[in-house]
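Biologist: I would like to learn how to read a structure like this one. Could you take me through it feature by feature?

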Amino acid sequence: PNLPVRIIFAFREDHLAKLSPFFQYCPELLDQGQRLLPPDVSEIPEIIRAPFASPELRAHFLRQKDKAGSELSAELAKQIALELSASGEVNLTELQIVCLRLWQSPTPQKLLAELNVEGLVQDYGEEVVNGFPVGLRQPALALLSRMITKSDTRNVIEEQDLFTSAAKKEKFHPDLLKQALDRLVKSQLVRRETRRRIYFYELTSEYLVRWIKRRRDERKATASQYQVQRVFQNLDRKS
């Protein structure tokens with residue numbers, strides 16, 4: 001108490017949601033916060049180029065743990081900014097995913113030309129889900145499919161509704177759904193937000209919608225094919 005010290009904690013909104021139980025005991029802390037708005041779209045190139053702007057950062061980002069990283073040029077930064085600014089606002093999760101994947105590529109300019117921003121985000125989503133334990137992949141896709149509307153837009157859904165729908169219609173055990181959802185949030189494919197002590201979820205990027213719709217259609221086609229096979233098997237037994 002005698003030291004002139006003040007502590008400032010900074011959280012992304014989806015991480016802040018995890019502290020809801022804590023705020024029940026210290027509700028006054030919510031009145032001591034400041035919500036920071038996203039940066040302007042005009043600042044995207046500067047954000048992208050920041051890791052290469054100073055010698056110290058440049059040395060760090062061009063060689064990380066004995067693996068060379070690629071520099072994102074000013075020209076490349078402008079191309080990324082042009083695609084990401086189409087919505088008129090900055091989605092920092094999209095920006096982080098795109099820049100990371102390009103930085104990891106030995107030919108970032110070529111990769112962006114091949115996949116564009118949407119493809120990079122979708123490629124990341126595919127990699128994340130395929131990296132889950134086998135038993136969690138289908139539950140994860142079931143949860144993701146409920147985060148898009150019939151008109152193919154992002155859907156904000158309450159946690160209990162999300163679990164109930166997936167468990168009832170696709171017969172997944174609640175524990176599997178919970179594990180899959182936690183992994184989706186940690187991977188940044190899904191954002192968790194608390195409203196009046198209730199968790200709500202939505203996709204972090206609109207670019208994921210088409211990929212999820214495609215994976216959902218594939219799952220439906222596989223299920224239909226399985227049903228047809230069962231019918232023929234039953235007919236064979238009867239004959």
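**Salt bridges and beyond**

Modeller: We start with charge pairs: the structure holds 13 salt bridges. Keep in mind that this is a predicted model.

Biologist: How do I recognise such a pair, and which residues does Arg 49 show me?

Modeller: Look for a side-chain nitrogen of Lys or Arg within 4 Å of a carboxyl oxygen of Asp or Glu. Arg 49 and Glu 71 meet this way, at 2.8 Å from N to O. The pair links distant parts of the chain, 22 residues apart. Arg 49 belongs to helix α3 (residues 44-49), while Glu 71 sits in the loop between β2 (67-68) and α5 (74-84).

Biologist: Are Arg 49 and Glu 71 buried, exposed or in between?

Modeller: Use relative accessible area: under 20% is buried, over 50% is exposed, and partly exposed lies in between. Arg 49 has 23%, so it counts as partly exposed. Glu 71 has 29%, so it is partly exposed too.

Biologist: What about pairs inside one helix, such as Asp 182 and Lys 178?

Modeller: Both residues lie in helix α10, four residues apart, which is about one turn of the helix. Their side chains form a salt bridge of 2.9 Å, N to O. Asp 182 is partly exposed at 30%. Lys 178 is partly exposed at 36%.

Biologist: How far apart in sequence are Glu 218 and Arg 215, and what does that make in helical turns?

Modeller: They are three residues apart in helix α11 (residues 208-238), so about one helical turn separates them. Their side chains meet in a salt bridge of 3.3 Å, N to O. Now check accessibility on each side. Glu 218 is partly exposed at 40%. Arg 215 has 14%, so it counts as buried.

Biologist: Which residues are joined into one network by salt bridges that share partners?

Modeller: Arg 49, Arg 58 and Glu 71 form one such network.

Biologist: Next topic: empty space. How is it found, and how many cavities of 30 Å³ or more are there?

Modeller: Rolling a probe the size of a water molecule over the atoms shows where empty space is left. A search of the whole structure gives one cavity of 30 Å³ or more. The volume of the largest cavity is about 40 Å³.

Biologist: Which residues line the largest cavity?

Modeller: The lining is made by Val 156, Arg 191, Glu 193, Arg 195, Phe 200, Tyr 201 and Glu 202. Two elements give two or more residues each: β4 (190-195) and β5 (198-203).

Biologist: What is the lining like by class?

Modeller: Sort the residues into nonpolar, polar and charged. The lining has three nonpolar residues, no polar ones and four charged ones.

Biologist: Let us go to the surface. Which residues make the nonpolar patch?

Modeller: For a patch, look for nonpolar side chains joined within 5 Å, each residue with over 30% relative accessible area. Here Leu 3, Val 5, Ile 7, Phe 9, Phe 11 and Leu 16 make a nonpolar surface patch of about 660 Å². Take Phe 9 as one of them. Phe 9 lies in the segment before α1 (13-16). Its relative accessibility is 61%, so Phe 9 counts as exposed.

Biologist: Now the backbone. Which residues other than glycine have a positive phi, and where are they?

Modeller: Two cases are Asn 116 and Lys 171. Asn 116 has phi near 55°. It is found in helix α7 (residues 108-130), and is partly exposed at 33%. Lys 171 has phi of about 60°. Its place is the loop between α9 (159-170) and α10. At 71% relative accessibility, Lys 171 is exposed.

Biologist: Last, how do I compare distance along the chain with distance in space?

Modeller: Set the sequence gap beside the C-alpha separation. Ala 142 and Ala 180 are 38 residues apart along the chain, and their C-alpha atoms are separated by 9.7 Å. Ala 142 lies in helix α8 (residues 134-145). With 0% relative accessible area, Ala 142 is buried.

Biologist: What are the values for Gln 179 and Pro 139?

Modeller: They are 40 residues apart in sequence and 9.0 Å apart in space, C-alpha to C-alpha. Gln 179 is in helix α10 (residues 174-186). Its relative accessibility is 42%, so Gln 179 is partly exposed.

Definitions and conventions: Residues are numbered from 1 along each chain as its sequence is written. This is a predicted model: local features need pLDDT of at least 70, side-chain atom pairs count only at pLDDT 80 or more; totals for chains, interfaces and linings use all residues. Side-chain values use heavy atoms; hydrogens and water are left out. Patches are made of residues with over 30% relative accessible area and no salt bridge: like charges are joined within 9 Å, nonpolar side chains (Val, Leu, Ile, Met, Phe, Trp, Tyr) within 5 Å. Accessible areas come from the Shrake-Rupley method with a 1.4 Å probe; for residues, only the protein chains shown count as cover. Buried means under 20% relative accessible area, exposed over 50%, partly exposed in between (1.4 Å probe, protein chains only). On a 1 Å grid over the protein atoms alone, a cavity is a set of points where a 1.4 Å probe fits but cannot get out, and a pocket is an open set with protein on both sides within 12 Å along at least five of seven lines; lining residues have an atom within 4 Å of a point. Grid points are joined across faces, edges and corners, and a volume is the space filled by probe spheres set on the points. Ala, Val, Leu, Ile, Met, Phe, Trp, Tyr, Cys and Pro count as nonpolar, Asp, Glu, Lys and Arg as charged, and the others, Gly among them, as polar.
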